[in-house]
Structure formats: structure tokens, C-alpha cells
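I opened the notebook today to look up charged side-chain pairs and how accessible their residues are. The entries follow in the order in which I worked through them.

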Amino acid sequence: DADNRYKMNGGLMSLFKKETWTKKVKLEAIEEDKDRGPCLFNQDFQMHQGRLNCIIGQVGSGKTSLLHAILGELEKTAGSVTVNGTISYAAQSSYVMNMTLRDNVLFGSEYDAEKYEKVLFACALTDDLDQLPAGDMTQIGEKGINLSGGQKQRVGLARAVYKEADIYLLDDPLSAVDAHTGQHIMDHVIL
């Protein structure tokens with residue numbers, strides 16, 4: 001129903017009551033590997049709040065490198081990277097810690113029951129809680145051994161969505177989920 005639909009642009013953004021401003025990101029000659037040389041050249045673009053920006057390309061074309069450059073994780077050989085606002089990032093290969101599922105989502109953020117439930121629903125984790133022995137208080141084993149690849153991916157996505165940020169960088173967030181779950185995430189998180 002409409003009350004359960006929770007989208008970042010209509011749910012999280014209005015929940016955080018951020019004002020509209022332009023997020024500018026400018027990149028030039030970012031180097032990832034000294035042996036291979038610069039991997040990104042003269043990348044110049046702007047992102048605007050409330051708009052979906054997608055980076056599309058072949059495997060190995062630098063999509064993840066571009067996100068790492070925005071995060072400040074690549075060495076700059078020239079130019080600059082400017083980001084106005086806070087960033088929340090969901091990695092392509094999600095990591096989970098040896099703690100409860102709830103703690104893996106909160107990751108140090110303050111617990112807000114209503115927000116937390118909405119994020120779990122948006123990230124298609126609600127049904128998974130019924131399968132876990134202690135629900136969201138289930139202890140997640142070393143490297144997420146007791147979660148499937150799709151569950152780990154959705155926990156990482158929920159962590160990124162739960163964090164109050166101005167910019168959400170999602171690196172291939174649907175790679176480990178089936179088509180039905182992917183559509184749910186598209187409808188409730190991404191669009």
C-alpha cells in the first residue's frame with residue numbers, strides 16, 4: 001500500500017528535509033594504479049539532488065573507479081574532485097561484520113524504529129527476517145557466512161540507505177538479487 005512505499009526521493013529525502021542544492025563533482029586524470037597509469041581523464045559532470053544519475057559501461061570501463069574517485073579513494077595526478085555534501089556508499093561487493101543484522105544496517109548510526117522498518121522494507125529484507133532465527137538480532141557470522149549473496153548485498157544497500165546522506169552512491173546494487181527483488185528495490189529505493 002501507499003504507506004509502505006518508501007522511495008529515496010520521496011521518503012528518505014523528505015525525511016531528512018534537505019534543501020535543494022547542486023552537487024558538483026569534477027574529476028580530471030585520476031590515477032588508480034601506478035603501474036597502469038591514469039584510469040580516468042577529464043571527467044566533468046554535475047549531480048543534482050533528487051535526480052537519478054547512472055553510470056553505464058562495459059566491464060572494466062571504470063565505473064567503480066569513478067565512484068572511488070568521488071569517494072576520494074583514488075590518487076589524483078591532476079585536477080580536483082569536489083563534492084558538496086555527505087556521501088553514503090553501497091559497494092559492489094557488500095561486506096558484513098560479525099555482529100547482528102541490525103548492527104550491520106545501523107553501522108554506528110542511532111536506531112530509529114520507524115526509519116529502520118521502512119529501510120528494511122525498501123531493501124526487500126522484511127521477509128528475510130522471518131527466516132533468521134532471531135530476526136534482525138541474529139548474529140551474522142564471519143564474512144556473512146549465514147547470509148546468501150543477495151542478502152549480503154541488500155544488507156549493504158540498507159546500510160547505505162539508512163545513513164542520512166546528501167549523495168547515495170550505489171555500485172551495482174542489483175547484481176546479486178533476482179528479478180522480482182530487483183524490481184522491488186528499483187521501485188522503493190532507486191526510483
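**Salt bridges and burial**

I looked up Glu 114 and found it exposed, at 53% relative accessibility (buried means under 20% relative accessible area, exposed over 50%, and partly exposed in between, with a 1.4 Å probe and protein chains only). I note that this is a predicted model, in which local features need pLDDT of at least 70 and side-chain atom pairs count only at pLDDT 80 or more, while totals for chains, interfaces and linings use all residues. Residues are numbered from 1 along each chain as its sequence is written, and side-chain values use heavy atoms, with hydrogens and water left out.

I then followed Glu 114 to its partner Lys 118, with which it forms a salt bridge at 3.0 Å, N to O (a side-chain nitrogen of Lys or Arg within 4 Å of a carboxyl oxygen of Asp or Glu). Lys 118 is partly exposed, at 28% relative accessible area. The two residues sit 4 apart in helix α4 (residues 113–122), about one helical turn; helices are DSSP runs of H or I with at least four residues, and strands are runs of E with at least two, numbered from the N terminus.

I searched the whole structure next and obtained 4 salt bridges. One of them joins Arg 102 to Asp 136, with the closest N and O atoms 2.9 Å apart. Arg 102 lies in helix α3 and Asp 136 in the loop between α5 and α6, so this pair ties together parts 34 residues apart in sequence. Asp 136 is buried, at 10%.

Lastly I checked Arg 154 and Asp 128, whose side chains meet in a salt bridge at 2.5 Å, N to O. This pair links distant parts of the chain, helix α6 and helix α5, 26 residues apart, and both residues are buried.
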